[in-house]
Amino acid sequence: MTVLKKLSVVTVAKRRYCLFVMYNRDDFCSAAAVKEEEQSVPAGLTGSIARIERYMIHDGPGIRTVVFFKGCPLRCVWCSSPQTWKETKEVIFLKRKCINCGSCVASCPEKAIEAVDDIKKIDRGKCNLCDECVEICPAAALKFDGCLMSPEDVVNEVMKDEHFYKTSGGGVTLSGGEPLGQPEFASEILRRCKLKGFHTALETSAYAEWQVLKKLMDFVDLFLIDIKHMDTEEHLKITGRNNDLILDNILRTAKERPGSVAIQFPVIPGYNDTKGNIDSLVQFMTGAGIDSIDVIPFHKLGQHEYEELGLDYRVMDVEVPETGSIQNIREHIKSKGFEIIN
Ligand code: SF4
Ligand code: SF4
């Protein structure tokens, strides 16, 4: 069964980062007043959100609003979004804005900031998120990434694009980071979206206990689940976790919700693009009764995030794959009877 509708909006050269508008984080983070709603909500429930992006066209059918959760149990070596790894907010340094005044180094009560040439290195073990450096910086070169929001705050934001969901067949996608890392919060957002009649999608690594996935299953129309490698040892090497739980959860989800699962396969040259791995993936999907797959080419668009966090970018030497090689993989999988989405 086909699980995704095609959307012919525009042809884009680079997936995922086109046609988006990002909310000003300060705007929605400061909307702290939580309105009383008719549904019962666990008192004071909040979740950690990295950002909310609008007008996305690759994260499910139609035009979508994507809510990026903070916190992820995996550490994929090619991750394009390291700012979503930690569930707590973090201080981010923007080198391009820094005027090297030194105020941040002098102001930090924990002595957590060190100037190394033009870079301000933040010792995240010492930083207690006190806000002094962010406040004092005259160039807005330091900022917090992430904020706490209530489910109501999130749904109020995504409702701004209700019109687009109706006209395009779109909806709301929870992504990350890992939404399953904050199951109550994710479940409440999804439940509220379903009450509003929105299509819902969950982009996930499926690295969570089955009961966590099961808890929010009724509120998800489409599961977009990553398979990064079929070999469990290789998976451990490139993500920090083995894939036993992930593959088991995919099989169970596909069985419980037939026709509602699509696989996302990020193609990382030299890591998971062998014919053996791709054939193993095809075999797994056949056994699971999953017939849709999104083949996602490696890109380096998140490289600057590593600089901002002071982290090593471990895939600097990996070449972005040629369009032709990705097309060959897509054709190969398609020839086995699968639908290629996006
Ligand atoms: S947030 Fe506070 S503790 Fe952390 S680096 Fe800035 S001044 Fe130092
Ligand atoms: S306070 Fe801001 S502008 Fe000044 S050195 Fe620190 S980061 Fe750079």
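Here are three short exercises on this predicted model, each with a worked solution.

**Exercise 1. Find the centre of the largest nonpolar core.** Which members of the largest nonpolar core touch the most other members, and which helix gives the largest share?

*Solution.* Start with the core itself, which has 56 residues. Within it, I49, V67, I189, I263 and I293 touch the most other members. Next, look at helix α6 (residues 183–195): with five residues, α6 supplies the largest share of this core. Now pick V67 and set aside its neighbours within four places in sequence; V67 is then in contact with I49, I52, V154, V158, V172, L174, S175 and I189. Finally, notice that another core, of 11 residues, lies apart from the largest one, and includes V91, C104, C108 and C133.

**Exercise 2. Judge the setting of helix α4.** Why is helix α4 (residues 151–158) described as largely enclosed by the rest of the structure?

*Solution.* Recall that a residue is buried if 20 or more other C-beta atoms lie within 10 Å of its own. Then go through the helix: P151, E152, D153, V154, V155, E157 and V158 are buried in α4. That is seven of its eight residues, so α4 is largely enclosed by the rest of the structure.

**Exercise 3. Describe the two ligand shells.** Which residues come nearest to ligand 1, and which to ligand 2?

*Solution.* Take ligand 1 to begin with. Of the 14 residues around ligand 1, the nearest are C108, C127, C130, E132 and C133. By class, this shell holds nine nonpolar, two polar and three charged residues. Then turn to ligand 2, which has 13 residues around it, with C98, C101, C104, C137 and A141 coming nearest. The shell around ligand 2 divides into nine nonpolar, three polar and one charged.

Notes: Residues are numbered from 1 along each chain as its sequence is written. Chains are lettered from A and ligands numbered from 1 in the order in which they are written. This is a predicted model: local features need pLDDT of at least 70, side-chain atom pairs count only at pLDDT 80 or more; totals for chains, interfaces and linings use all residues. A nonpolar core is a set of buried Ala, Val, Leu, Ile, Met, Phe, Trp, Tyr and Cys residues joined through C-beta atoms within 7 Å. A residue is buried if 20 or more other C-beta atoms lie within 10 Å of its own, exposed if 12 or fewer, and partly exposed in between; C-beta atoms are placed from the backbone. Helices (H or I, at least four residues) and strands (E, at least two) are DSSP runs, numbered from the N terminus. Two residues are in contact if their C-beta atoms, placed from the backbone, lie within 7 Å. A residue is near a molecule or strand if its C-beta atom, placed from the backbone, lies within 6 Å of it. Ala, Val, Leu, Ile, Met, Phe, Trp, Tyr, Cys and Pro count as nonpolar, Asp, Glu, Lys and Arg as charged, and the others, Gly among them, as polar.
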